[in-house]
Amino acid sequence: MKKLKLKPSAKDSRRYFTSTASSEQIEKAILEYLGILGSAKAAYLTVQDERILNKTIGSCKRESLNDVRAALTLCKIKIDKVSNTIKGLTRWKSKQKRFFS
């Protein structure tokens with residue numbers, strides 16, 4: 001069976017970020033400060049990756065990244081790093097370990 005693919009122009013451009021807060025805390029903050037409509041526009045997702053330990057990897061749409069940052073800042077949740085790819089987050093983590101250990 002042939003799998004259908006989206007054209008590159010139809011795909012969502014997403015930004016990935018790491019945080020020490022749990023996924024439930026992040027979802028609650030986004031829903032509380034952006035509301036249901038803002039939460040739907042942000043399209044927050046939790047990403048599972050075994051390369052980054054003790055951190056939550058989340059993703060949201062590029063257009064609503066500033067809204068998500070504001071919602072998390074109001075709940076005193078810190079975003080450690082934002083990247084265009086998950087690989088960029090893992091590369092930053094390995095550099096941090098090498099320089100700050």
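This report covers the salt bridges of a predicted model and the setting of one buried aspartate.

## Salt bridges overall

Side chains of opposite charge can pair when their charged atoms come close. The predicted structure holds 2 salt bridges. One joins Asp80 and Lys55. Another joins Glu63 and Arg62.

## Asp80 and Lys55

Asp80 pairs with Lys55, and their closest N and O atoms are 2.6 Å apart. Asp80 sits in strand S4, which spans residues 79-83. Lys55 belongs to the loop between strand S2 (45-47) and strand S3 (56-61). The two partners are 25 residues apart in sequence, so the salt bridge ties together separate parts of the chain.

Both ends have some exposure. Asp80 is partly exposed, at 22% relative accessible area. Lys55 is partly exposed too, at 23%.

## Glu63 and Arg62

Glu63 forms a salt bridge with Arg62. Here the closest N and O atoms are 3.3 Å apart. Glu63 counts as exposed, with a relative accessibility of 55%. Arg62 reaches 42% and counts as partly exposed.

## Asp49

Asp49 lies in the loop between S2 and S3. That loop also holds Lys55. Asp49 has a relative accessibility of 14%, so this residue counts as buried, the cut-off being under 20%.

What does Asp49 touch once neighbours within four places in sequence are left aside? Its contacts are Ile57, Ile86 and Thr90. Of these, Ile57 falls within strand S3, which runs over residues 56-61.

Note on methods:
Residues numbered from 1 in each chain as written. Predicted model: local features only at pLDDT ≥ 70, side-chain atom pairs only at ≥ 80, totals over all residues. Heavy atoms only, no water. Salt bridge = Lys/Arg side-chain N within 4 Å of Asp/Glu carboxyl O. Helix = DSSP H or I, 4+ residues; strand = E, 2+ residues; numbered from the N terminus. Buried < 20%, exposed > 50% of the residue type's maximum accessible area, 1.4 Å probe, protein only. Contact = heavy atoms within 4.5 Å.
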